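Hi there,

Here is the structure I promised to pass on. Have a look at it first, and then read my notes below.

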Amino acid sequence: MPGDESREPELASNCSDCGAPIDPDGSRSYAFGEQGLLCWSCAVRRGGRYDADSETWSRAPSVSGLSEASGEEE
Ligand SMILES: [Zn+2]
């Protein structure tokens, strides 16, 4: 459909826990698995510890109970 460029590309993701939209360039987030993603507050609440110096998660948050990808069965 020409002229419809106002839609955002499907780059933005949502937190796998609370569903909040996550800007990949804006806020710190924790990615896991194939599609899993935690927003900052959820990652911290789940025990994650972020090392700002190395910009990595020195302690990974728990992702138990979260699905990496919706609609995927095992
Ligand atoms: Zn969240």
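**What I found**

Let me begin with glutamate 55, which is exposed because just 8 other C-beta atoms lie within 10 Å, and 12 or fewer counts as exposed. Please keep in mind throughout that this is a predicted model.

Where does glutamate 55 sit? It is found in the loop between E5 and E6. Its backbone is worth a look as well: phi is positive, at about 55 degrees, although the residue is not a glycine. The two strands around it form a hairpin with four residues between them. Strand E5 covers residues 49-51 and strand E6 covers residues 56-59; they run antiparallel and are joined by three bridges. One pairing to pick out on your screen is that of aspartate 51, whose bridge partner in E6 is threonine 56.

**The overall picture**

Stepping back, the protein has one helix and six strands. Along the sequence they follow the pattern β-β-β-β-α-β-β. Of the 74 residues, 15% are buried. If you take the contacts between residues at least 6 apart in sequence, 28% of them join residues at least 24 apart.

**The core**

Which residues make up the largest nonpolar core? There are eight of them: Cys15, Ile22, Tyr30, Leu37, Leu38, Cys39, Cys42 and Ala43. Strand E4 (36-38) and helix H1 each supply at least two residues of this core. Alanine 43 is a good place to start exploring: leaving aside residues up to four places away in sequence, alanine 43 touches Ser29, Tyr30, Leu38, Gly48 and Pro61.

**Around the helix and the segment after E6**

Helix H1 spans residues 40-45, and arginine 45 lies in it. Arginine 45 is partly exposed, with 14 other C-beta atoms within 10 Å. Its C-alpha atom is separated by 8.0 Å from that of proline 61, and the two residues are 16 apart along the chain.

Serine 41 also lies in helix H1. Is serine 41 buried, exposed or partly exposed? It is partly exposed, because 13 other C-beta atoms are within 10 Å, which falls between the cut-offs of 12 or fewer for exposed and 20 or more for buried. Serine 41 and arginine 28 are 13 residues apart in sequence, with 9.4 Å from C-alpha to C-alpha.

Alanine 60 lies in the segment after E6. With 15 other C-beta atoms within 10 Å, alanine 60 is partly exposed. Glycine 48 is 12 residues away from alanine 60 in sequence, and their C-alpha atoms are 4.8 Å apart in space.

**How confident the predictor is**

The protein averages a pLDDT of 81, and 70% of the residues score at least 70. Among the elements, H1 has the highest mean pLDDT, at 95, and strand E1 (residues 13-14) has the lowest, at 87. Which residues stay under 50? That is the case over residues 69-74, for which the model has two contacts beyond four places in sequence.

Happy browsing, and best wishes!

Conventions: Residues are numbered from 1 along each chain as its sequence is written. This is a predicted model: local features need pLDDT of at least 70, side-chain atom pairs count only at pLDDT 80 or more; totals for chains, interfaces and linings use all residues. Two strands pair if DSSP finds at least two bridges between them. pLDDT is the predictor's confidence in each residue, from 0 to 100. Two residues are in contact if their C-beta atoms, placed from the backbone, lie within 7 Å. A nonpolar core is a set of buried Ala, Val, Leu, Ile, Met, Phe, Trp, Tyr and Cys residues joined through C-beta atoms within 7 Å.
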